[in-house]
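Visitor: I have a protein model on my screen and little idea how to read it. Can you walk me through some features?

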Amino acid sequence: MFLNTLPLRVTSAAETWQGLVADVFADETAMWAHRRFPLPALQRLAGADAPLIDNTFNYLDFYTVDQQAVDLRRTADNSPNEFPLVVTVGPGHIEFTVRESRVSSATAARLGEVYRAVLSAMSRDPEGAVTWDVPEAPSGHLAAPPVRTPPCDEPDPRETSAPSTGRPTAAGAPAAVGDDLERVIAGVWAELFEVAAVSPDDDFVALGGHSLTAMRVAAKLRADHAIDVSPREVLRVRTVAALAATIRAMTGPAGGGDVDGESTLVWLRESGKQAPLVCVHPGGGGIHWYRELTEALPAEQPVAAIRHPASVDPELAGSSVEELADRYLVDLRAATGSGPYHLLGWCGGAPVTWELSRRLAESGERVRLVLLDPALEGLACADNDVPEPLRVLRRCELLLQQLRSEPDHDRAAERRAEAVRLLHEVVDDDRAHAMIKPDELGADWVEQVRVWRRLAESRLAYRFGRYPGDADLILGDELVEGEHVALGEQDYDAYLAHWRGLATGTVRSHRAPGSHVGVLRPPHVAQLAALVERILSPDAPG
């Protein structure tokens with residue numbers, strides 16, 4: 001528990017470093033009389049809709065640590081928090097913890113340089129003049145603080161999805177957009193992501209964008225600016241600058257773009273020395289689900305995600321699981337080189353993750369296969385059965401087609417209400433429900449639901465082959481308690497028995513707290529990340 005939670009703004013006219021320290025200490029001691037003022041009251045005074053604190057300074061270098069009266073490794077608290085920047089001072093080191101979505105690596109590195117230079121100047125000459133334009137420290141004198149990403153990242157109250165990770169300028173601000181078209185697009189993105197600014201090179205997926213966000217972008221550009229662009233172009237090109245260039249080059253309203261040469265693999269974090277964790281899209285084809293897991297994993301763990309090619313070309317929604325595995329295998333090897341391969345698939349992504357892992361293992365590669373709440377679907381259903389999720393998609397598609405072809409029908413309001421209810425069921429994501437607007441159920445929604453329906457039909461046609469190796473199943477509370485559709489028509493014991501019968505090696509099961517979606521969200525994602533880290537450890541079984 002942190003007791004000293006409120007930062008103080010200090011105004012000082014001190015001319016030396018020692019004088020500055022004395023002024024800060026004097027202001028701090030003057031505030032001691034107010035140390036029991038309730039934090040909720042401070043929040044109300046500051047404005048309940050704004051965060052009270054932006055950054056935090058965590059000082060752990062106490063005399064009790066020097067006396068070895070405290071085991072700092074056991075007592076230091078790296079709990080999840082929402083701060084863009086945490087500066088932690090420990091015995092002999094300073095560490096930065098940054099939210100990659102709010103503080104770019106370049107900005108973090110620059111902050112490290114400033115800390116190193118200032119502390120070097122203070123230690124060399126405490127009576128020296130205060131200046132923030134200090135020279136660089138001599139090589140080897142004081143290393144720049146290390147930067148890590150947090151084990152978990154609570155949503156910022158000012159955001160509904162990840163904010164801009166804009167390309168920093170010399171001042172650390174996002175790079176300016178170019179012409180009027182880029183400014184319009186950037187403005188729409190900033191509004192929908194609820195961030196102050198978006199840069200030309202900001203990545204739509206890295207910002208937290210997905211198919212529904214792309215639909216909102218396309219709808220807003222069309223309605224407010226008479227710019228006709230399809231959601232798939234937003235997902236395909238992924239930056240403001242590239243989308244502006246695509247719109248200029250388009251010869252028809254539907255846009256274009258041959259995706260045959262584009263990789264399905266997207267890096268969520270490319271840096272790190274460990275073997276990459278490759279997260280395969282779930283049933284809907286998107287990869288935004290893995291953003292918070294990436295932020296919760298250690299900074300040295302590279303993370304990539306494979307998105308379904310139908311996210312940029314709806315005609316590919318009918319690709320079979322085997323065809324997808326062929327394509328993903330090429331993209332995976334091109335992006336990561338040789339193994340070992342660590343693959344994670346979630347829910348409806350289990351079939352293609354399984355098939356991809358099978359092909360890698362059969363070719364002699366080392367594979368670590370991890371499945372999170374994997375859906376049995378085609379395994380558990382008889383050939384003449386139609387699973388309930390597919391029934392819902394087909395009914396929803398029919399309603400949307402009727403609303404489009406007969407907008408003035410006597411039952412239009414009833415159909416619209418049912419379509420919204422079914423979409424809430426299909427889009428198993430409370431964060432995205434606000435994007436389902438009854439008055440915006442147009443052609444984009446018809447196409448999106450058609451894509452989802454075809455994706456479901458394709459994976460239901462897959463029949464699991466034997467996997468020559470071990471596998472790890474991570475199962476959330478909802479599934480373990482028999483309350484999620486991923487079980488198919490089976491009980492929990494039969495579900496586990498099915499998976500164990502599909503692998504020649506050991507199938508280990510691990511329980512993770514949280515619902516089917518909640519396991520990937522704060523606060524549970526921190527425990528999921530720790531579990532994934534243990535499974536991927538070289539010392540883990542398998």
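Guide: We will take helices, cores, empty spaces and unusual backbone spots in turn. Keep in mind that this is a predicted model.

Visitor: Let's start with a helix. What span should the 14 residues of helix H6 have?

Guide: Use 1.5 Å a residue, counted over one less than the number of residues. For H6, residues 180-193, that gives 20 Å, and the end C-alpha atoms are 20 Å apart, so the two agree.

Visitor: Which residues of H6 are buried?

Guide: First the general idea. An α-helix has 3.6 residues a turn, so residues three or four places apart point the same way. In H6 the buried residues include Leu181, Ile185, Val188, Trp189 and Leu192. Glu182 is buried in H6 as well. Just after the helix comes glutamate 194, with a positive phi near 55°.

Visitor: What about helix H7, residues 211-225?

Guide: Its 15 residues should span 21 Å at 1.5 Å a residue, and the end C-alpha atoms are indeed 21 Å apart. Ser211, Met215 and Leu221 are among its buried residues. The buried residues of H7 pack against H6, helix H8 (231-237) and helix H15 (443-460). Alanine 226 follows H7, and its phi is positive, near 55°.

Visitor: Now the core. Which residues touch the most other members of the largest nonpolar core?

Guide: Look for buried nonpolar side chains that touch one another. The largest such core has 67 residues, and Trp354, Ile474 and Trp499 touch the most other members. Helix H18 (residues 524-536) gives the largest share, seven residues. A second, separate core has 28 residues, including Met215 and Ile436.

Visitor: Which residues does tryptophan 499 touch?

Guide: Leaving out residues up to four places away in sequence, its partners include Trp354, Leu371, Pro374, Phe464 and Val507.

Visitor: How many disulfides are there?

Guide: A search of the whole structure finds zero. Cysteine 396 is at 0% relative accessibility, so it counts as buried. Cysteine 347 is also buried, at 17%, because the limit for buried is under 20%.

Visitor: How many cavities of 30 Å³ or more does the structure hold?

Guide: Rolling a probe the size of a water molecule over the atoms shows where empty space is left. Here there are four cavities of that size. The largest has a volume of about 280 Å³. It is lined by 24 residues, with Ser211, Leu235, Ala310, Ser311 and Gln448 nearest its centre. H15 gives the most to this lining, six residues.

Visitor: And which residues lie nearest the centre of the second largest pocket?

Guide: They are Cys347, Glu425, Val426, Val427 and Asp428, out of 43 lining residues. The space in this pocket is about 1100 Å³. Helix H13 (388-405) gives the most to its lining, four residues.

Visitor: Last, the backbone. Where are cis peptide bonds found?

Guide: Check omega at the prolines. Glycine 339 and proline 340 are joined by a cis bond, with omega about 5°. Proline 340 sits in the loop between helix H11 (321-336) and strand S8 (341-346). The bond from proline 522 to proline 523 is also cis, with omega near 0°.

Visitor: Is arginine 238 buried or exposed?

Guide: Buried, with a relative accessible area of 16%. Its phi is positive, about 75°, although it is not a glycine. Aspartate 373 has a positive phi too, about 45°. At 0% relative accessibility, aspartate 373 also counts as buried.

Technical notes. Residues numbered from 1 in each chain as written. Predicted model: local features only at pLDDT ≥ 70, side-chain atom pairs only at ≥ 80, totals over all residues. Heavy atoms only, no water. Helix = DSSP H or I, 4+ residues; strand = E, 2+ residues; numbered from the N terminus. Buried < 20%, exposed > 50% of the residue type's maximum accessible area, 1.4 Å probe, protein only. Core = buried A, V, L, I, M, F, W, Y, C linked by side-chain atoms within 4.5 Å. Contact = heavy atoms within 4.5 Å. Disulfide = S-S within 2.5 Å. 1 Å grid on protein atoms, 1.4 Å probe; cavity = no way out; pocket = protein on both sides within 12 Å on 5 of 7 lines; lining within 4 Å. Points joined across faces, edges and corners; volume = space filled by probe spheres on them.
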